[in-house]
There are 2 protein chains.
Amino acid sequence: MKLEMICTGEEVLSGQIVDTNAAWFANTMMNQGIELQRKTTVGDRLDDLANTFIERSQHADVILVNGGLGPTTDDLSAEALALALGEELVEDKDWRLYLIELFKKIDRKLPANMLKQCLIPASAIRIDNAEGTAPGFRAKLNNAWLFFTPGVPIEFKAMVKQQFIPFIETTYQPAQATLLHKLLTLGHGESFLADKLDVMEIPAGITLGYRPSAPHVEVKLFARGDAAIKQLPAFIEKVKDTLGTAVVTENCPSIAQAVHELLLNKKRSLSIAESCTGGMLTNQLIEFAGSSSYLHQGLVTYSNQAKQNILGLNAETIEQYGAVSIETAKAMAENVRALGDSDYALATTGIAGPDGGSEEKPVGTVCIALVSRRGCWVQTVQLKNRSRTIVRTMSCAIALDMLRRSVLAEDEVQAVIVPYSFIPCSDSKIVMY
Amino acid sequence: MKLEMICTGEEVLSGQIVDTNAAWFANTMMNQGIELQRKTTVGDRLDDLANTFIERSQHADVILVNGGLGPTTDDLSAEALALALGEELVEDKDWRLYLIELFKKIDRKLPANMLKQCLIPASAIRIDNAEGTAPGFRAKLNNAWLFFTPGVPIEFKAMVKQQFIPFIETTYQPAQATLLHKLLTLGHGESFLADKLDVMEIPAGITLGYRPSAPHVEVKLFARGDAAIKQLPAFIEKVKDTLGTAVVTENCPSIAQAVHELLLNKKRSLSIAESCTGGMLTNQLIEFAGSSSYLHQGLVTYSNQAKQNILGLNAETIEQYGAVSIETAKAMAENVRALGDSDYALATTGIAGPDGGSEEKPVGTVCIALVSRRGCWVQTVQLKNRSRTIVRTMSCAIALDMLRRSVLAEDEVQAVIVPYSFIPCSDSKIVMY
C-alpha cells in the first residue's frame with residue numbers, strides 16, 4: 001500500500017506556520033508499520049490543487065489530504081476535488097442539520113459561511129468531525145483513495161485516529177506486526193548515544209532510530225515481524241544497560257510526565273521556587289490533570305527583593321554569594337519546602353541570557369537545588385552557547401531528573417546527581433549536605 | 001519565475017524531525033516577493049529522488065533542493081541528480097584541496113567518507129559552503145535550474161542568503177514588490193472574523209488570509225505590486241475599524257510579546273498570582289529577556305492552603321465563595337500586588353479540567369482579576385468543551401489582554417474588559433470596583 005500526503009494552505013507553503021501535522025501524521029503511521037512515501041505541499045490555488053490531486057492519484061494507493069476544509073474563501077479542497085473528479089459539489093444534508101442543531105444547542109447564531117462546509121463532491125463519502133464543524137470526506141480518483149482532513153490539529157488528529165486508521169486497516173492487507181519501544185534520554189547528544197549503540201549487534205528485523213527534541217533525545221527501537229518482536233524485550237535491556245543513566249523514562253514523551261506520574265503513585269508532595277526558569281517548571285507539571293494533589297506551590301521569585309519578601313532569604317546570602325549561587329539555590333529550596341511542609345522542593349536560579357553574564361558566571365550558568373526531608377543536593381550546570389529558551393528548558397529537565405532520581409532512590413545520596421555528556425562537567429560543582 | 005522546493009531525507013518524510021528549513025525558506029523568499037509554488041518531500045531512495053527531479057523540472061523554473069549532501073550512505077542527492085541528467089559523478093578537485101587544507105588547519109584527520117562530498121555531476125557548478133564541509137551545486141535539467149543545498153540549518157540558511165538569492169536576482173527579472181501586514185486577534189473564531197470582512201471591498205492586488213493558532217487568529221493582509229502597497233495602509237485602518245476590539249496587536253506573534261514590550265516601554269511593574277494557569281502566565285513573560293525589569297513575582301498558589309499561606313487570603317473568603325470565584329480572584333490579585341507594591345497584578349483561578357467541575361461551576365470556568373493602583377476588574381469566563389491546555393492558554397491570553405487594555409487606556413474603566421464572540425458571554429460576570 002503506497003501512502004502519500006498532500007498538505008494544502010498558503011500559510012503552510014509560505015512558512016507562516018511550521019507543518020507539525022505532517023510530522024505527527026508520518027510518525028503515527030510509522031507506529032502502525034506504514035511508511036509515508038511522499039509529501040506534497042501546495043498553496044490555495046484551485047488549479048494547482050486539482051492538478052496535484054490528479055497527478056498523485058496516478059501513483060499512490062491512498063492520499064491523506066490535510067487542510068482547506070474551513071469556511072473561508074481560501075478553503076478550496078472540496079472545490080478542487082470536484083474539479084479533479086469532473087463532478088458538482090453537493091450539499092450533505094445530514095451535516096447541515098447537524099450544524100444547525102449544534103449551534104442551537106450552544107445558543108449561538110450559525111454564521112452563514114459555515115454552511116459552505118456542507119458542500120462536498122457528488123461521489124464523496126462524508127467523514128464525521130467529532131471536534132469541529134468541517135466534515136472530512138473521501139473519494140476515489142484514478143488509482144487512489146483521497147482522504148480529506150481538516151487542518152486544525154486537534155480535529156486532524158482525532159480524524160486520523162478514529163477514522164483514517166480504521167479505514168486503512170479494513171481496506172488494505174493488514175500490515176506486518178510491528179512493535180515500537182521508546183527510551184527517553186536526557187543530557188547526551190545523538191552522536192554520543194549512537195557511538196555507544198553502533199558497536200552493539202542488532203537482531204534482524206529491529207531498527208534503531210534517534211529523535212532529538214530538546215531537552216531530550218528519544219531512542220526508538222522498532223521491531224518488524226513476529227521473530228523480531230520476540231527478541232525485542234531482551235534487546236531493550238541490553239540497550240538500557242549500555243546507555244546507563246542516560247535513559248530517564250520509557251514510552252513516555254517527557255520527563256515532566258514521568259515525574260508527574262511518579263509523585264502521584266508515590267504520594268509525595270512538592271514545592272517549587274523558580275528564578276531563571278520563571279514558571280516553566282511549575283507549568284510543566286500543572287499541564288497534567290491531578291497535579292493539584294501533590295504540588296503545594298510554585299513561586300517565581302525573579303527579583304532579589306522577591307527572594308527576600310516571598311521566600312524569606314537573607315539579604316546577606318544573596319549579597320555574599322550572589323543571586324546565582326549554590327547557597328541561594330539551597331536557601332530558595334529549603335525555604336519554599338518549609339512554607340508548605342512538602343516532601344520535596346526544587347529551586348532554580350541562573351543566567352538565562354542573552355545578557356547578564358560575567359566572566360565568573362557566564363550566560364547559561366544555572367544552580368539547581370533539590371531538598372528533601374533527608375538532605376539537600378545542589379549542582380551548578382554550565383549551559384553555554386545556548387538560547388534563552390534552551391537554557392530554561394534544560395534547567396527544568398535537569399531539576400526534574402534530580403527529583404525523579406531522588407524519589408526512586410529514596411534519597412540515596414549518590415543517585416541524585418548524574419553526569420551529562422553534553423554539559424561541560426569541568427565547570428559543574430556538586431555539593432551535598 | 002516559478003519556484004519549487006524539494007526536501008529530501010527519510011527523517012523529514014517520516015516526521016522524525018519537523019521541517020523547519022522549509023518554513024524558513026518559504027518565509028524568506030516571501031519577504032523577497034517570491035512565492036513558493038510547491039514543496040515535495042521524498043525519502044532517501046535513489047529512483048524516487050531522480051524521478052522527482054525529472055518530473056518537477058518540467059514544471060518549475062527554479063527548484064531549491066534541500067538535504068542529502070552529507071558523507072553517509074543515505075546522502076544520495078548528487079547521485080540522483082547524475083542519474084536524472086544521465087551523467088557521471090566527477091570529483092571537484094578544488095573542494096578536495098579545500099577540505100584537506102581545512103582539516104590540516106584544525107589539526108584533525110580527514111575522515112575518509114568526507115571526500116565523497118567532492119563528487120558532483122559533470123555539468124554541475126559547485127557552490128561554496130561557508131559553514132560546512134559539503135559543497136552545494138546547481139545544474140540545469142529540462143526547464144529548471146536545480147539548486148542543491150545542505151540540510152544542516154546553519155549551512156542551509158547561509159547558502160540561501162549568500163548564494164541562492166543573489167543567483168535568483170541576477171538570473172531572473174526582479175520580482176514584484178510585496179508587503180505583508182499581520183493583525184493578531186483574540187477571542188473570535190475564523191468564521192466570525194471572515195463574516196465581518198467578507199462584506200468589505202478589497203482593493204485589487206490585496207489578499208486576505210486567516211491563520212488560526214490558539215488562542216489567536218492572525219489576519220494577514222498581503223499586498224502585491226506598487227499600486228496595492230500604496231493602498232494597504234488605508235485598507236489596514238478600515239479592517240481594524242471593522243474588527244474593533246478583536247485586534248490585540250499588529251505584526252507581533254503573540255499577546256505576551258505585545259504586553260512585554262508595552263510594560264518595558266511604559267515602565268510599569270507587574271505581579272502575578274496563578275492557580276489554574278499554574279505558571280504558564282508568568283512563564284510566557286519570562287520567556288522574553290528583560291522581563292526581570294518589570295516582573296516582581298509570579299506565585300503559583302494551586303492549593304487553598306498555599307492561597308492562605310503565601311498570599312494571605314482569608315480562609316473565610318475561600319470557604320464562603322469558593323476557590324474559583326470573583327472574590328478569591330480579586331483577593332489574590334490585590335494581595336500579590338501589595339507584596340511587591342507593583343503597578344499592576346493579575347490573578348487567575350479556575351477549573352481547567354478534565355475533572356473538578358460542578359453544575360454551577362463547570363470545567364472551563366475561570367475567574368480572572370486585574371488590579372491596578374486605581375481599581376480592580378474581574379471577569380468570569382466559561383471556556384466550555386475545551387481541553388485543559390486550551391482552557392489554560394486562553395485564560396492567560398485574556399488576562400494579558402485585560403492588562404494590555406488597562407495600561408493603554410490608563411485604567412479607564414470601560415476599556416479593560418471586552419466581549420469575545422467565542423466565549424459564551426451569557427455566563428460571564430463582570431465586576432468593577
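At what angle do helix α3 (residues 46-56) and helix α4 (residues 77-85) of chain A pack, and how far apart are their axes? In this predicted model, the two helices pack at about 55°, and 8 Å separates their axes. Because angles of 35 to 65 degrees fall outside the parallel and perpendicular classes, α3(A) is oblique to α4(A). The crossing of this pair is right-handed. On the α3(A) side the contact involves Leu46(A), Leu49(A), Ala50(A), Phe53(A) and Ile54(A), which meet Ser77(A), Glu79(A), Ala80(A), Leu81(A), Leu83(A) and Ala84(A) of α4(A). By class, nine of the residues in this contact are nonpolar, one is polar and one is charged.

Two helix pairs in chain B were described in the same terms. Two packed helices are described by the angle between their axes and by the distance between those axes. Helix α2 (residues 20-31) of chain B packs with helix α6 (residues 153-171) of chain B at an angle of about 20°, the axes being 11 Å apart. Since an angle under 35 degrees counts as roughly parallel, α2(B) and α6(B) are roughly parallel to each other. Their crossing is right-handed. Thr20(B), Asn21(B), Trp24(B), Phe25(B) and Thr28(B) of α2(B) make the contact with Pro153(B), Phe156(B), Lys157(B) and Val160(B) of α6(B). These residues divide into five nonpolar, three polar and one charged.

Helix α9 (residues 255-266) and helix α14 (residues 388-408) of chain B pack at about 30°, with 10 Å between their axes. The pair is therefore also classed as roughly parallel, and α9(B) passes α14(B) in a left-handed crossing. From α9(B), the contact is made by Ile255(B), Ala256(B), Ala258(B), Val259(B), Leu262(B) and Lys266(B); from α14(B), by Ala397(B), Leu400(B), Asp401(B), Leu403(B), Arg404(B) and Val407(B). Nine residues of this contact are nonpolar and three are charged, with no polar residues.

Between the chains, 61 residues of chain B are in contact with 64 residues of chain A. Helix α2(B) supplies the largest share of the chain B side, with eight residues. By class, the chain B side comprises 25 nonpolar, 25 polar and 11 charged residues. Helix α2(B) thus appears both in this interface and in the packing against α6(B).

Within chain A, helix α8 (residues 226-243) has 18 residues and spans 26 Å from its first C-alpha to its last, close to the 26 Å expected at 1.5 Å a residue. The helix nevertheless bends by about 45° at Leu232(A), and a proline, Pro233(A), follows within four residues. After α8(A) comes Gly244(A), with a positive phi near 60°.

Several backbone features lie in loops. Most residues other than glycine have a negative phi, and most peptide bonds are trans. Asn142(B), which is not a glycine, has a positive phi of about 50°; this residue is located in the loop between β7 (136-141) and β8 (144-149) of chain B. In chain A, a cis peptide bond with omega of about 0° joins Gly353(A) and Pro354(A), and Pro354(A) lies in the loop between β15 (344-350) and β16 (365-372). In chain B, Gly353(B) and Pro354(B) are likewise joined by a cis peptide bond, with omega of about 0°. Pro354(B) is placed in the loop between β15 (344-350) and β16 (365-372) of that chain.

Definitions and conventions:
Residues are numbered from 1 along each chain as its sequence is written. Chains are lettered from A and ligands numbered from 1 in the order in which they are written. This is a predicted model: local features need pLDDT of at least 70, side-chain atom pairs count only at pLDDT 80 or more; totals for chains, interfaces and linings use all residues. The expected span of a helix is 1.5 Å times one less than its number of residues. The bend at a residue is the angle between axes fitted to the seven residues ending there and the seven starting there. Axes are lines fitted to C-alpha atoms, for helices over the stretch in contact, and angles run from 0 to 180 degrees between N-to-C directions. Angles under 35 degrees count as roughly parallel, over 145 as roughly antiparallel, 65 to 115 as roughly perpendicular and the rest as oblique. A crossing is left-handed if the near helix is turned anticlockwise from the far one by less than a right angle, and right-handed if clockwise. Two residues are in contact if their C-beta atoms, placed from the backbone, lie within 7 Å. Ala, Val, Leu, Ile, Met, Phe, Trp, Tyr, Cys and Pro count as nonpolar, Asp, Glu, Lys and Arg as charged, and the others, Gly among them, as polar.
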